[in-house]
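The briefing below is meant to be read beside the sequence and the structure. Its points are grouped by topic.

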Amino acid sequence: MNVDVTALPGIGVRKDFEVRSGRRVGVVAHRDGDIDLIVSKPDDADAIAAQVPLSVDEASVLANLLGAPQLVAKLNDDHRDLPGITTRQLVLLAESPYAGRTLGETGMRTRTKTSIVAVMRAGQLHPSPGPDFTFTEGDQLVVVGTPEGLDAAAKILTHG
């Protein structure tokens, strides 16, 4: 899929791509840091039908919503021939005892026999985080293991 990048003098940069319907979907990254989600009109790719201003936090949430489920679906597909192994997305909430602490401090692999294979944060993927990776509230963790191990991992992230 091709992403077109267009300089908008005095404004910033438009990055968009064509979706199956023929519309273009993308973002305008303003020079001042503002971000707009844009969708073109069905009959004119250059005419904007909808423009939604997003804060940096809102853009991060949207990126996580779009990115993490795709990664989980891909990993589930990759593991479908391995009976008993599944992938789950777990969100690190503010009240988690591990917000601000490292992956190593969770003892996750030893305690649950699961592996945290990726973390989505602010729209960015952090694959294969090491034991020194520090969690932040709102991180979306992609965890692989048995259903029982994944349940245990969710409890650890919630209650310690």
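**Strand pairing around A118**

A118 stands opposite V142 in β9, and A118 also stands opposite P127 in β8. These statements, like the others in this briefing, come from a predicted model, and they are best read with the pairing of β7, β8 and β9 in view.

*Strands β7, β8 and β9*

- Strand β7, which covers residues 115-121, pairs with strand β9, residues 140-145, in the antiparallel sense, and 5 bridges link the two.
- Strand β8, residues 124-127, runs antiparallel to β7 and is joined to β7 by 4 bridges.
- The connection from β7 to β8 is a hairpin with 2 residues between the strands, and in that turn A122 has a positive phi of about 50 degrees.

*The nonpolar core*

- The largest nonpolar core is made up of 15 residues, and the residues with the most contacts inside this core are I116, F135 and L141.
- Two or more residues of this core are given by each of β7, β9 and α4, the last of which spans 147-159.
- Helix α4 supplies the largest share of the core, namely 4 residues.
- When neighbours within four places in sequence are left aside, I116 is in contact with L103, M108, P129, F135, L141, V142 and V143; among these partners is V142, the residue in β9 that A118 stands opposite.

*A nonpolar patch at the surface*

- V61, L65 and L66 together make a nonpolar surface patch of about 310 Å².
- V61 belongs to helix α1, which runs over residues 56-78.
- V61 counts as partly exposed because its relative accessibility is 48%, a value that falls between the 20% limit for buried and the 50% limit for exposed residues.

*The protein as a whole*

- The protein contains 4 helices and 9 strands, and along the sequence these elements follow the pattern β-β-β-β-β-α-β-α-α-β-β-β-α.
- The protein has 160 residues, of which 31% count as buried.
- Among the contacts between residues at least 6 apart in sequence, 47% join residues that are at least 24 apart.
- About 9,600 Å² of the protein is exposed, and 55% of this area is supplied by carbon and sulfur atoms.

Conventions
Residues numbered from 1 in each chain as written. Predicted model: local features only at pLDDT ≥ 70, side-chain atom pairs only at ≥ 80, totals over all residues. Heavy atoms only, no water. Patch = residues over 30% accessible without salt bridge, like charges linked within 9 Å, V, L, I, M, F, W, Y side chains within 5 Å. Areas by Shrake-Rupley, 256 points an atom, 1.4 Å probe, with all protein chains shown as cover. Salt bridge = Lys/Arg side-chain N within 4 Å of Asp/Glu carboxyl O. Buried < 20%, exposed > 50% of the residue type's maximum accessible area, 1.4 Å probe, protein only. Pairing = 2+ DSSP bridges. Contact = heavy atoms within 4.5 Å. Core = buried A, V, L, I, M, F, W, Y, C linked by side-chain atoms within 4.5 Å.
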